[in-house]
Amino acid sequence: MKNLHSIMLDKEKCKGCTNCIKRCPTEAIRVRNSKARIIDQRCIDCGECIRTCPYHAKYAITDSLEEINKFQYKVALPAPSFYAQFEVDDVNKLLYALLNLGFDDIFEVAKAAEIVTHFTKQFILSEKNKKPVISSACPAVVRLIQTKFPDLIENILPIASPMEVAAYIAKKKIHKEKGIDEDKIGAFFISPCAAKMTYINNPLGFERSYVDGVIAIKDIYGLVRSKLREIKVIKPLSITSGKGIGWAASGGESLALEIEEYINVDGIHNVVKVLEEIENGRLKDITYFEGLACTGGCVGGPLAVENPYVAKNRIKRLSSKLKDKEESLSAWTAEIINSFSLRLEDVLFEKELETNPVLELDSDIERAMEKFEKANNILSILPGLDCGACGSPTCKTLAEDIVRGFANDTDCIFILRENIKELANKMVELSNKLPPSLERNDE
């Protein structure tokens, strides 16, 4: 059975420093017995703990390059951010390098991003969703909403991500052109993101994913660099435009939509702040919200290699370079849509997104209210410093952990100190006491 999460903990490396518990947006980490512990039900695989941990005790499980050999025909699905990891004068060199690694074909996720943009425009015009429409491209943000902002699930764009669309089209195209059964075609996403691995194991909005594996950019970075030195003659393979490549950086998706009333936010904690504003009804005039968990967008993913600011600049230059070819490259998008008779209905979610009720104190409303009141009473006696010494991220979460039976009030060092002081005073008092037979009456 596949593990549903890609973020894992190396207990040998963990020092129990509590840095990670303060950065997790869903408070999914506790420190117990000097080791961090990830609460699976709360984790959204955003990768924030990977960036935060100074001891590299958090890591992401992805597929190795050898996994592609399980399939008769192997397709690479390079993320738009893949292009930004290398200083090259022609993106076609990068695609040739992937072919030289053992792939038989390439389908650019950036091209699928253009197709998703096409259908997103249609969906926004149909006015089927509540405003603002929230992008579904970042699986970590979607899971964040399911966990912390369930009232905003109705706002999420119910359209497949570019990665999913790329795998779908690639398999249909190869089956049509080469007659190879789809189950013998392996589609592998070249990813900057840990959350994509979680997605293929537990798809959002779909029963199953057309993506067969996720390979981290950092795991093949060195191999690609070595292959680049061997490439001498190349022919055009890339069919994506600057708009598709632009999705790699924050704001690229919104710019491709060519609408004015949008907000793009990167960094999971910044996303949380804006989602709070949306939930409170303060951003009703916004048509579209693009939220990305990683700083700078996908170029800042934990599985990428290049500095995100350098990578973002490369994306900007690549997009600008392809602007002159925008019209001809956009024609490819229309051709793909027409050749497969793709409609909006073909890329819509197959099933509704569900809430993740893990933050609830109890499934029974009456017991939940009782626990809520009890937690508030406990919180009132806690110091409110949110120091993390107890192993919970805040005093509030410690109070909730106590109510759930996962912690004790003496886990708080301040309460423990007061208890010890009280006990010490009682011991002093007891030490001065004599048995009744030895007590003296001075009267």
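Strand 7 and strand 11 run parallel and are joined by two bridges. The model is predicted; local features need pLDDT of at least 70, side-chain atom pairs count only at pLDDT 80 or more, and totals for chains, interfaces and linings use all residues. Residues are numbered from 1 along each chain as its sequence is written, and side-chain values use heavy atoms, with hydrogens and water left out.

Strands (E, at least two residues) and helices (H or I, at least four) are DSSP runs, numbered from the N terminus. Two strands pair if DSSP finds at least two bridges between them. Ile134 stands opposite Phe289 in strand 11. The open sheet here has three strands in the order 7-11-10, with parallel pairing. Strand 7 (133-134) and strand 10 (262-266) are its edge strands, and each pairs on one side only.

An antiparallel arrangement appears towards lower residue numbers. Strand 2 (residues 29-32) is joined to strand 3 by four bridges, and these strands run antiparallel. Arg30 has Arg37 in strand 3 as its bridge partner. The two strands, 2 and 3, form a hairpin with two residues between them. Asn33 lies in the turn and has a positive phi of about 55 degrees. Strand 3 (residues 35-38) has two faces: Ala36 and Ile38 are on the covered face, Lys35 and Arg37 on the uncovered one.

Aromatic contacts were searched next. Rings of Phe, Tyr and Trp (its six-membered ring) pair if their centres lie within 6.5 Å; planes under 30 degrees apart count as stacked, over 60 as edge-to-face and the rest as tilted. The whole structure holds six aromatic pairs. Phe71 and Phe188 form an edge-to-face pair, because their ring centres are 5.8 Å apart and their planes are at 75 degrees. This pair links distant parts of the chain, 117 residues apart. Phe71 is in the loop between strand 4 (58-60) and strand 5 (73-78), and Phe188 is in strand 8. Residues count as buried under 20% relative accessible area, exposed over 50% and partly exposed in between (1.4 Å probe, protein chains only). Phe71 is buried at 19% relative accessibility. Phe188 is buried with a relative accessible area of 1%.

Tyr168 and Tyr210 also pair edge-to-face, at 5.1 Å centre to centre and 90 degrees between the planes. Tyr168 is in helix 6, and Tyr210 is in the loop between helix 7 and strand 9 (213-216), 42 residues apart. Tyr168 is partly exposed at 24% relative accessibility, whereas Tyr210 is buried at 18%. Ring pairs also link Phe82, Tyr83, Phe86 and Tyr221 into a cluster.

Internal space was examined on a 1 Å grid over the protein atoms alone; a cavity is a set of points where a 1.4 Å probe fits but cannot get out, and lining residues have an atom within 4 Å of a point. Volume is the space filled by probe spheres set on the points, which are joined across faces, edges and corners. Six cavities of 30 Å³ or more were found in the whole structure. The largest has a volume of about 330 Å³. Its lining comprises 28 residues, of which Ala137, Lys196, Trp247, Leu292 and Cys298 lie nearest the centre. Elements that each supply at least two lining residues include helix 4 (109-126), helix 6 (162-178), strand 8 (185-191) and strand 11 (288-292). The lining of the largest cavity divides into 21 nonpolar, four polar and three charged residues.

In the unreviewed UniProt entry, the annotation "domain: 4Fe-4S" covers residues 367-429. This span is 67% helix and 0% strand, and its end C-alpha atoms lie 42 Å apart.

Definitions and conventions
On a 1 Å grid over the protein atoms alone, a cavity is a set of points where a 1.4 Å probe fits but cannot get out, and a pocket is an open set with protein on both sides within 12 Å along at least five of seven lines; lining residues have an atom within 4 Å of a point. Ala, Val, Leu, Ile, Met, Phe, Trp, Tyr, Cys and Pro count as nonpolar, Asp, Glu, Lys and Arg as charged, and the others, Gly among them, as polar. UniProt positions are given in the numbering used here, feature names are shortened, and annotations may be inferred rather than shown by experiment.
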